[in-house]
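Visitor: I should like to be guided through a protein model by question and answer. Please begin by showing it to me.

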Amino acid sequence: MKPETPDPDDHTTEVDAAQAALNRMRAIAKSRGELRIPRSRLGMDAKPKKVRDRRPFLDTKDSGRDPLGLGKVVGRLVSERGWSSPLAIGSVMAQWNTLVGADIAAHCQPESFEETTLHVRCDSTSWATQLRLLSSSLLARFDAELGAGVVTKILVLGPTAPSWRKGFRTVKGRGPRDTYG
């Protein structure tokens, strides 16, 4: 018996798994009636473009398949989840000393944040008054540093007085007349 000569289109003796899979896909396409058309018949050059004419790999659009840097991944996560305003709020709290300066930060601390209103507690009534006078310039600085609309109003709170109510029985009335500040 004479051994058969292998057909050049038949690649059954391959060891390469990728080439075998490609050949199987080509056979399936051929059985469906799909034909491979050479580039020259499509009106394209027979040879692919030179390597130097191709666009660099990193300039391609993000297809979602290429690995990304950590900054881009976190940025995409923040924008998809709508966390941009909570992060801006956290940055107000974290960067308070650098945003307002050391003098104000020594006497006034951010206490809470509701929507776009920042609540600030001052340790004396004079610093509370001073912060109310500076609130417009602080809002302009917040807009420049954190983005427009993150903080739209500063609610300045004065110092808190200690509670004189101790125990079950208390006397009604205003209590001591000191301002504590």
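The questions below move from the overall layout to single residues.

Visitor: How many helices and strands does the protein chain have, and what pattern do they follow?

Guide: This is a predicted model. The protein chain contains six helices and three strands. Read along the sequence, these elements follow the pattern α-α-α-α-α-β-β-α-β.

Visitor: What share of the residues in the protein chain is buried?

Guide: A residue is called buried when its relative accessible area is under 20%. The protein chain has 181 residues, and the buried part of them amounts to 18%.

Visitor: In what order do the strands of the sheet lie?

Guide: The sheet is open and is formed by three strands with mixed pairing. Strand S1 (108–114) and strand S3 (153–157) are the edge strands, each pairing on one side only. Neighbouring strands are turned by 25° against each other on average, direction ignored. The order of the strands is S1-S2-S3.

Visitor: Which helix packs on the sheet?

Guide: The helix in question touches S1, S2 and S3. Its direction makes about 160° with that of S3. It covers residues 125–146 and is helix H6.

Visitor: In which sense do S1 and S2 pair, parallel or antiparallel?

Guide: Strands of a sheet pair through backbone hydrogen bonds, and both senses are possible. Strand S2 comprises residues 117–122, and six bridges link S2 with S1. Phe113 stands opposite Leu118 in S2, and Glu114 has Thr117 as its bridge partner. The sense of this pairing is antiparallel.

Visitor: Which residue in the hairpin of S1 and S2 takes a positive phi?

Guide: The hairpin has two residues between the strands. The residue with the positive phi, about 50°, is not a glycine. It lies in the loop between S1 and S2 and is Glu115.

Visitor: Does Glu115 count as buried or exposed?

Guide: The cut-off for exposed is over 50% relative accessible area. Glu115 has 74% relative accessibility, so Glu115 counts as exposed.

Visitor: Where is Ser112 placed, and how does its accessibility class compare with the cut-offs?

Guide: Ser112 belongs to strand S1. Leaving aside neighbours within four places in sequence, Ser112 is in contact with Met93, Thr117, Leu118 and His119. Values between 20% and 50% fall in the middle class. Because Ser112 has 28% relative accessibility, Ser112 counts as partly exposed.

Visitor: What distance separates the C-alpha atoms of Ser112 and Leu155?

Guide: Along the chain, Ser112 and Leu155 are 43 residues apart. In the model, their C-alpha atoms are separated by 9.8 Å.

Visitor: Does Thr117 count as buried or exposed?

Guide: Thr117 is placed in strand S2. Not counting residues up to four places away in sequence, Thr117 touches Ser112, Lys153 and Leu155. Its relative accessibility is 19%, and the limit for this class is under 20%, so Thr117 counts as buried.

Visitor: Which element supplies the largest share of the largest nonpolar core?

Guide: This core has 21 residues, of which Leu118, Leu131, Phe142, Val151 and Ile154 touch the most other members. Helix H4 (96–100), helix H5 (102–107), S1, S2, H6 and S3 each supply at least two residues. The largest share, six residues, comes from H6.

Visitor: Which residues does Ile154 touch?

Guide: Ile154 is one of the core residues that touch the most other members. Not counting residues up to four places away in sequence, Ile154 touches Leu118, Val120, Ser135, Leu138, Leu139 and Phe142.

Visitor: Which residues form the aromatic pair, and which parts does the pair tie together?

Guide: The structure holds one aromatic pair. Trp96 and Phe142 form this tilted pair, with 6.3 Å centre to centre and 45° between the planes. Both Trp96 and Phe142 are buried. Because Trp96 lies in helix H4 and Phe142 in helix H6, the pair ties together parts that are 46 residues apart in sequence.

Visitor: How far apart are the end C-alpha atoms of helix H1?

Guide: Helix H1 (residues 17–31) has 15 residues, and at 1.5 Å a residue it should span 21 Å. Its buried residues are Ala20, Asn23 and Ala29. The end C-alpha atoms agree with the expected span, as their separation is 21 Å.

Definitions and conventions: Residues are numbered from 1 along each chain as its sequence is written. This is a predicted model: local features need pLDDT of at least 70, side-chain atom pairs count only at pLDDT 80 or more; totals for chains, interfaces and linings use all residues. Side-chain values use heavy atoms; hydrogens and water are left out. Two strands pair if DSSP finds at least two bridges between them. Helices (H or I, at least four residues) and strands (E, at least two) are DSSP runs, numbered from the N terminus. Axes are lines fitted to C-alpha atoms, for helices over the stretch in contact, and angles run from 0 to 180 degrees between N-to-C directions. Contact means heavy atoms within 4.5 Å. A nonpolar core is a set of buried Ala, Val, Leu, Ile, Met, Phe, Trp, Tyr and Cys residues joined through side-chain atoms within 4.5 Å. Buried means under 20% relative accessible area, exposed over 50%, partly exposed in between (1.4 Å probe, protein chains only). Rings of Phe, Tyr and Trp (its six-membered ring) pair if their centres lie within 6.5 Å; planes under 30 degrees apart count as stacked, over 60 as edge-to-face and the rest as tilted. The expected span of a helix is 1.5 Å times one less than its number of residues.
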